[in-house]
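Me: I would like to learn how to read a predicted model, taking confidence before strand pairing. Could you take me through one?

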Amino acid sequence: MIVTSRRHRPPVTVSSGLTFLCYELTTGIASSLEDTMKLRAQKISRRSVQVFLLAVILLGSLLAFSRQVFAVSEYDAPSCRWYHAPGYTTSISYTWGPNVYPGALFRAELEQAVADWNSTGVNFWFYEDGSSGEVFIDSYYDPYGQGGFALPYCSFSTTVGYDVYLNRAGAPSNSKIRRAESNHEIGHAHGVGHISGMEPAILGYNPDPTIYYVPQSPDIQLVNERYP
Amino acid sequence: MKMQDGTYRFWPKIVTLLNFMVLLLLLVNCTVRSDKSPQASVSQNTTVPGELSEAGIGSVSAGYRTVSSIKELADIADVIVIGRATATDETVNMARDENDLARPDPNVLVVGRSYEVRVSRYLKGNGADVIYVLLREAFLGARAPKTEENIAQARRQFVQIPIDPEKQYVFFLAPRPEFGEAYFTGPKEPWRFDISDVTQVKPESPWHYASTVFPSPSLDEMIEQLGQ
């Protein structure tokens, strides 16, 4: 008999329920191993073992499939990624450009955006570094232009810097929308592109930036998947 | 080998071996991480900003300012025209000095290419038979060296759809008088619609969700929406 215990469930970090499923599976198999040892001294039905193995294989396949299905995908992955050691927090320094001095347009929202992302629990920590930060944050003026840009610097496939720019021309009068734009570009500086799909996201489809102005679940999931 | 009591002698060993293999595969796949510590930190030890010039420019991520309806687009456009466009050799820096739009930004470069548009009909506003539409095709921040090689690389990394001289479009435009009397650009995305097939007017935009938000109406329906 397979006995599945939930007593010693470890803390899990993956947002979906897949990790729980993994735990249940592995626990079940571990229990079955114990049972198998006992079965050496007992009579065993060949059919029940076959059923068990079939169930394990089917569940494993389902798990692998669902991990693919529920993964967040980028439709424009950046050319390079930050170096990141799995399980660790990568610290990234940033520097303010001359056009986002304290009190300047976008400065407050950019500061909030850095704090917003730092509080998501993703494996990055952005900290201010006087003049030599890896990420350079500034603004520019291009009437009717894009809301902003994030430009990576790549050494082969490794990111070595990012320029983040917000467009002051036509800047939204609503500070929440400016914060959404700031979170969007700071999100890119985490080394990710744009998210596919219609679920509201800062880095994807945003139906109303006055509502969705901080990182959303798909944004956090994307960074966590690319930088576990 | 079947034993006298009806069980198989080697079967438990085989089951144990298979179980170990499945368990190992699942553990590798599941990546249940219980060892994550918020204090764990690794600093980037890559290129210092002064050496960014040696790094390559990666794919730029743009954050678009968008509209969600033809009506909204028509309201913010000063001019709406139907016409065909041909690229010219003229390029300008669309990033400007905020205090004097006649002067380009000395540090940021937003390369805009000029397209000559032969207007067949004005749907809103009026003006010359030939106007110029500027299309952004590269971005370089203050830290990026503005070498020819870098600008060419930035062009390659920039997401934009060139205007097709074979197609007829409806252009929603806003003036950029600092470049000349008849110079325009799109006010927000999407700002041009392919009307090659008048039964299906399609937005042509680097904004990923343009075709989702703007399902293809007929040209007559679009013109009707302009008047509402």
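Reply: What follows goes from confidence and the overall make-up of one chain to the strand pairing in another. This is a predicted model, in which local features need pLDDT of at least 70 and side-chain atom pairs count only at pLDDT 80 or more, while totals for chains, interfaces and linings use all residues. Residues are numbered from 1 along each chain as its sequence is written, and chains are lettered from A and ligands numbered from 1 in the order in which they are written.

Me: What pLDDT does chain A average, and where in chain A is confidence lowest and highest?

Reply: pLDDT is the predictor's confidence in each residue, from 0 to 100. Chain A averages 83, with 77% of the residues at 70 or above; confidence is lowest in helix H1 (residues 18-39) of chain A, at a mean of 57, and highest in helix H3 (residues 107-118) of chain A, at 97. Over residues 1-19 of chain A the pLDDT is below 50, although this stretch has 34 contacts in the model beyond near neighbours in sequence, two residues being in contact if their C-beta atoms, placed from the backbone, lie within 7 Å. Where pLDDT is low, the predicted coordinates should not be read in detail.

Me: Which helices and strands make up chain A, in what pattern?

Reply: Helices (H or I, at least four residues) and strands (E, at least two) are DSSP runs, numbered from the N terminus. Chain A has five helices and five strands, and along the sequence they follow the pattern α-α-β-α-β-β-β-β-α-α. Among contacts in chain A between residues at least 6 apart in sequence, 72% join residues at least 24 apart.

Me: Which strands pair with S9(B)?

Reply: Two strands pair if DSSP finds at least two bridges between them. Strand S9 (residues 169-175) of chain B pairs in the antiparallel sense with strand S4 (residues 79-93) of chain B over five bridges, where Val81(B) has Phe171(B) as its bridge partner and Ile80(B) stands opposite Phe172(B). S9(B) also pairs, again antiparallel, with strand S11 (residues 192-194) of chain B over three bridges, with Tyr169(B) opposite Asp194(B), and with strand S10 (residues 183-185) of chain B over two bridges, with Pro175(B) opposite Phe184(B).

Me: Why is S9(B) described as largely enclosed?

Reply: A residue is buried if 20 or more other C-beta atoms lie within 10 Å of its own, exposed if 12 or fewer, and partly exposed in between, with C-beta atoms placed from the backbone. Six of the seven residues of S9(B) are buried, so this strand is largely enclosed by the rest of the structure.
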